[in-house]
Amino acid sequence: MNFTAMDFETANRHYDSACSLALVLVRDNKIIDSFYTVINPQMPFDKNNIKIHGITANDVKDAPTMNEVWPKIRLLFQPGMLVVAHNARFDCNVMKKSLKKYNIAEPHYLTIDTLATSRALMPNLKNYRLDTVSNQLNIDLWHHHNALSDSEACAEILIKQNQQFGDEQIKNFIKYI
């Protein structure tokens, strides 16, 4: 499979508050490259979000804004390109709302949610959080809620599920955004 795994962290409960982003490129079921950046959301941080991911306003004060990051990554978000996330609804909404804040048109691409694939293909887990699924599949989630660690784990989840269940089973989960 060829895809990009994506993970965002947010400064607060608003979808347009992206404060970090990681993308992991997979070609032929192998991770070949990655991209990570903190993002200045230009809005306040909530203490609960900081507690989850450890990123503060001070950490992003000199970071690029989403409209400055977008030109570097936009070619990965084209019709026909596959983007994978664990709880894709969240990450796709963060992308959409963070771009809308700068009047950047919503990208259209294909997506697979490893939360959904895990629920369907691994029915006996106690829950389907990223750390639980990673542990079940012996995937190293080296720093949960670090966007790069999370997107690497997400990539590995889909790679392992694809190897175990095959292309046809995985294709059933593809949606167009």
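Are Trp 70 and Phe 77 buried or exposed? Trp 70 is buried, and Phe 77 is buried too, where buried stands for a relative accessible area under 20%, exposed for over 50% and partly exposed for what lies in between, with a 1.4 Å probe and protein chains only.

The model is predicted, so that local features need pLDDT of at least 70 and side-chain atom pairs count only at pLDDT 80 or more, while totals for chains, interfaces and linings use all residues. Residues are numbered from 1 along each chain as its sequence is written, and side-chain values use heavy atoms, with hydrogens and water left out.

**Exercise 1. Describe the surroundings of Val 94.**

Step one is to place the residue: Val 94 belongs to helix H4, residues 88–100, helices being DSSP runs of H or I with at least four residues and strands runs of E with at least two, numbered from the N terminus. Step two is its accessibility, and with a relative accessible area of 0% Val 94 is buried. Step three lists the contacts (heavy atoms within 4.5 Å): leaving aside residues up to four places away in sequence, Val 94 touches Phe 8, Thr 10, Tyr 15 and Ala 18. Of Val 94 and Phe 8 one can add that they are 86 residues apart in sequence, yet 7.2 Å apart in space from C-alpha to C-alpha.

**Exercise 2. Analyse the aromatic pairs.**

The rule comes first: rings of Phe, Tyr and Trp (its six-membered ring) pair if their centres lie within 6.5 Å, and planes under 30 degrees apart count as stacked, over 60 as edge-to-face and the rest as tilted. By this rule the count is three aromatic pairs. One of them joins Tyr 15 and Phe 90 in a tilted arrangement, with 5.9 Å centre to centre and 55 degrees between the planes. Because Tyr 15 lies in the loop between strand S1 (3–10) and strand S2 (18–27) while Phe 90 lies in helix H4, this pair ties together parts that are 75 residues apart in sequence. Tyr 15 is partly exposed at 34% relative accessible area, and Phe 90 is partly exposed at 26%. Trp 70 and Phe 77 also form a tilted pair, 5.8 Å centre to centre with 40 degrees between the planes, and together with Tyr 109 they make one aromatic cluster.

**Exercise 3. Characterise the largest pocket and the largest cavity.**

Begin with the terms: on a 1 Å grid over the protein atoms alone, a cavity is a set of points where a 1.4 Å probe fits but cannot get out, a pocket is an open set with protein on both sides within 12 Å along at least five of seven lines, and lining residues have an atom within 4 Å of a point. The largest pocket has a volume of about 440 Å³ and is lined by 22 residues, among which Asp 7, Glu 9, Asn 87, Phe 90 and His 145 lie nearest its centre. Two or more lining residues come from each of S1, helix H1 (47–53) and H4, and S1 gives the most, with four residues.

For the cavity, a search of the whole structure finds one of 30 Å³ or more, and the largest cavity has a volume of about 30 Å³. Its lining consists of Asp 16, Ala 18, Ile 39, Asn 40, Pro 41, Met 66, Ser 98, Lys 101 and Tyr 102.

Technical notes
Points joined across faces, edges and corners; volume = space filled by probe spheres on them.
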